[in-house]
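Student: Can we go through some charged side chains together? I'd like to see how you get to each answer.

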Amino acid sequence: MSDRWSRQRSYLRSLQQRDRYRSLLARRVEGKYLLEPGGQRLLHFGSNYYLGALAGRHEGDHNEDDQVLSGAGSSPLVAGHSPEHQWLARAIAELENAERAIVFATGYAACSGVASTLATADDLILSDELNHASLIDGCRLSRARREVFPHRAVEFVKRYLAAHRDSYEQVWLFTESVFSMDGHVAPLEELLDVCERHDVNLVVDEAHATGVLGASGGGLCTHLGIEDRIALRIGTLSKAVGHQGGFAAGPGVLMDYLVNRCRPLIFSTALAPRVAASAARMIASLPSRGAERQRVAALAKLCRQKLSIASEGIEREIPIIPFLVGQDGDAVRLQNALRADGIYVPAIRPPTVAEGTARLRISLTAIHDDDDVQRLVHAIHRHWPARAA
């Protein structure tokens with residue numbers, strides 16, 4: 001059986017042979033010192049805190065994070081990868097049922113970095129036309145051949161691969177699991193069957209599914225039980241997790257490859273340790289937040305029903321609900337009318353969405369209640385009676 005990741009392993013071996021291989025060390029910064037994993041205390045000259053920002057107690061602070069730096073001070077491979085980042089990465093890997101995970105400063109950096117790093121000049125990228133800008137930019141930054149396929153068009157992917165797969169060393173298919181502007185759910189199982197048939201690496205952005213889907217909150221891949229068949233998953237900590245940052249989760253060899261080659265990871269200051277610690281606690285709590293997931297799913301079903309928005313299966317439970325208006329000006333006017341009623345729903349217009357599909361993007365949370373949804377629906381029907389039930 002061939003080694004799926006032979007190219008990545010070969011690259012890592014070449015770095016080791018040239019003494020250029022790097023790995024993340026969970027080191028803590030204490031003032032002007034760097035505390036190594038083994039306990040050695042080093043005078044630290046690798047920080048970018050030029051004005052001497054120090055760890056320690058802040059006036060009014062009385063919590064367990066008092067001795068954790070507000071900022072990382074440097075990039076992960078210099079000295080910015082702290083025990084808090086290590087804790088967060090392990091919590092993410094456990095949530096995602098993945099061998100390993102790494103943490104990025106933002107979700108945008110995670111998506112653009114993974115796409116631009118994994119695919120090379122000898123490769124092909126297939127990308128859903130409604131993928132997030134961060135994935136689109138990452139695909140463009142890679143030197144791979146790029147083919148944008150119609151939204152959720154499994155048959156197109158099947159035909160394209162049958163005709164072109166043999167021309168490329170590796171092929172990568174990038175898709176969101178839940179699409180951010182439409183609330184659509186990707187046909188992951190169907191795409192995965194096609195990818196496995198043609199030896200294609202499926203990479204899934206779980207940004208809007210992490211915390212929301214799956215019995216433990218791991219996202220659509222874990223909800224479907226296919227996580228061990230996915231090449232790599234990307235996510236963010238700024239949606240349901242309520243923090244900041246992004247992540248990649250998957251095989252250890254791909255995590256090592258990203259650590260040694262991914263420019264948005266290597267050349268960005270790491271996520272603040274305080275944020276990493278708080279995010280790790282939230283990630284660890286997601287399996288116990290089933291009541292919140294059920295609540296937001298019920299609200300999504302209610303809202304879709306009241307607004308006569310058709311959907312099927314798990315898509316009915318997605319808390320992203322687009323109310324299509326059409327013209328940009330109409331969307332803005334409806335947004336302003338709702339604002340006057342004390343309701344904020346953002347108007348989304350091109351180029352974020354296609355021409356002629358301006359909309360209100362309704363985002364529901366578990367702290368909303370049925371009365372909130374009824375108030376929103378009533379206001380929309382009053383100001384846009386053409387869509388009234």
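Tutor: Sure, and keep in mind that this is a predicted model. Let's start with Glu 155, which has a relative accessible area of 45%.

Student: So is Glu 155 buried, exposed or partly exposed?

Tutor: Buried would need under 20% and exposed over 50%. Glu 155 comes out at 45%. That value lies between the two cut-offs, so Glu 155 is partly exposed.

Student: Which side chain does Glu 155 meet in a salt bridge?

Tutor: Look in helix H6 (residues 154–164), three residues from Glu 155, about one turn of the helix. The residue there counts as partly exposed, at 31% relative accessibility. The N to O distance in the salt bridge is 3.1 Å, and the partner is Lys 158.

Student: How many residues apart are Arg 28 and Glu 84?

Tutor: These two form a salt bridge, with the closest N and O atoms 2.7 Å apart. The pair links distant parts of the chain, with Arg 28 in strand E1 (residues 28–30) and Glu 84 in helix H3 (residues 83–95). Along the chain they are 56 residues apart.

Student: And Glu 84, is that one buried or exposed?

Tutor: Its partner Arg 28 is partly exposed, at 24%. Glu 84 has 8% relative accessibility, and the cut-off for buried is under 20%. So Glu 84 is buried.

Student: Where does Asp 228 lie?

Tutor: Asp 228 is exposed, with a relative accessible area of 66%. Helix H8 (220–224) comes on one side of Asp 228 and strand E9 (232–236) on the other. Asp 228 lies in the loop between H8 and E9.

Methods. Residues numbered from 1 in each chain as written. Predicted model: local features only at pLDDT ≥ 70, side-chain atom pairs only at ≥ 80, totals over all residues. Heavy atoms only, no water. Helix = DSSP H or I, 4+ residues; strand = E, 2+ residues; numbered from the N terminus. Buried < 20%, exposed > 50% of the residue type's maximum accessible area, 1.4 Å probe, protein only. Salt bridge = Lys/Arg side-chain N within 4 Å of Asp/Glu carboxyl O.
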